[in-house]
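Please look through the sequence and the structure shown below, and keep both at hand while reading the report that follows.

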Amino acid sequence: MSAAPTPTTPAAPGPLVRPYGDTTGDGMVQVSFTLPVPHDKRAEGAALQLAAKMGMSPALLVHAKPMGPHFTFFVVYGSVTHLVDLREVQVVEREFPLLGSSEVNQAIRSRLGRKLVVVGACIGTDAHTVGIDAILNIKGFAGEKGLEYYREMKVVNLGAQVLVPELVASAREVGADAVLVSQVVTQKDAHIHNTTTMSAAFREAFPAGEVPLLVVGGPRFEEGSAAALGVDRVFGRGTTPGEVASYLVHQLVAPRERTDPRGEQR
């Protein structure tokens, strides 16, 4: 009588990988997009033509829905031959330790000797406060309480649609150590324009070396784009209040002097 087969763990992925759908390595992917054409057979044909030009072969149109009289939304499923080389993937590693709330409070109290002042807002026409509230409000996000919960932090949440001059004035008035900005509206790269405008305004309003720590977050930001945007840090989707609090301690409370991405000494 033969012994039962021993379960094996999947082999570690090699440096070259292909998308997975029904079976390993089948290359199946699903994409969605909108075309500026009314929904009809010609529009569906155009969607399949676009999928083919993206390298999907064969491509299956699994969903088509009119978006008003002049647009159609599509979902296409199909196979691609493209490979991903894991050796060429670049990621931004977290360079600071994650701290608990008590550790954050202790570090601020013992090293800074006063409350750390944080000002947050959604700037421009952005009215989506979910992101900034998740980080600042005491209710928090993902099981973590927001920065208002930290006894050694003074948090000023300005809310939505805050003009950049108003944000700068508020930061000056309360003596902000850090300014947190959330940007969810991204049409026509509004998040990039708003962020660079904000950064330039703070550099103009504050003496060199006295600009508050500038932190932005939102689902469309690239994490490695802080220097190009003129800010100190970019946080992407899924960021928790604890990560932000730990970063603020790392940059503003740590005992040794640090150089920010803009070349200023802190």
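## Two loop residues with positive phi

Ala142 has a relative accessibility of 59%, and because residues over 50% count as exposed, Ala142 belongs to that class. In this predicted model, Ala142 sits in the loop that runs between helix 3 and strand 7, and its phi is positive, near 55°, although the residue is not a glycine.

Gln161 is likewise not a glycine, and its phi is positive at about 50°. This residue is found in the loop between strand 7 and helix 4 (164-174), where its relative accessible area of 48% makes it partly exposed.

## A cis peptide bond

Ser57 and Pro58 are joined by a cis peptide bond, with omega at about -5°. Pro58 is part of strand 3, which covers residues 56-66.

## Helix 2 and its buried side

Helix 2 has twelve residues, 101-112, and at 1.5 Å a residue it should span 16 Å, which agrees with the 16 Å that separates its end C-alpha atoms. The buried residues of this helix are Val104, Asn105, Ala107 and Ile108. They cover an arc of only 160° around the axis, and therefore they lie on the same side of helix 2. A general rule helps in reading such a pattern: an α-helix has 3.6 residues a turn, so residues three or four places apart point the same way.

What do the buried residues of helix 2 pack against? Their partners are strand 6 (116-122), strand 7 (153-157) and helix 7 (241-253). Just after helix 2 comes Gly113, which takes a positive phi of about 75°.

## A buried threonine in helix 5

Thr195 lies in helix 5, residues 190-205, and with a relative accessible area of 0% it is buried. Leaving aside residues up to four places away in sequence, Thr195 touches Gln183, Val216, Phe221, Leu229 and Val231. Thr195 and Gly124 are 71 residues apart in sequence, while their C-alpha atoms are 9.4 Å apart in space.

## The largest pocket

The largest pocket holds about 370 Å³ of space. It is lined by 21 residues, of which Gly131, Ile135, Ser182, Gly218 and Gly236 are the closest to its centre. By class, the lining has 13 nonpolar, seven polar and one charged residues.

Which elements supply at least two residues each to the lining of the largest pocket? They are helix 3 (130-136), strand 8 (178-182) and strand 9 (213-217), and helix 3 gives the most, with five residues.

Methods:
Residues are numbered from 1 along each chain as its sequence is written. This is a predicted model: local features need pLDDT of at least 70, side-chain atom pairs count only at pLDDT 80 or more; totals for chains, interfaces and linings use all residues. Side-chain values use heavy atoms; hydrogens and water are left out. Helices (H or I, at least four residues) and strands (E, at least two) are DSSP runs, numbered from the N terminus. The expected span of a helix is 1.5 Å times one less than its number of residues. Buried means under 20% relative accessible area, exposed over 50%, partly exposed in between (1.4 Å probe, protein chains only). The arc is that of the directions from the helix axis to the C-beta atoms. Contact means heavy atoms within 4.5 Å. On a 1 Å grid over the protein atoms alone, a cavity is a set of points where a 1.4 Å probe fits but cannot get out, and a pocket is an open set with protein on both sides within 12 Å along at least five of seven lines; lining residues have an atom within 4 Å of a point. Grid points are joined across faces, edges and corners, and a volume is the space filled by probe spheres set on the points. Ala, Val, Leu, Ile, Met, Phe, Trp, Tyr, Cys and Pro count as nonpolar, Asp, Glu, Lys and Arg as charged, and the others, Gly among them, as polar.
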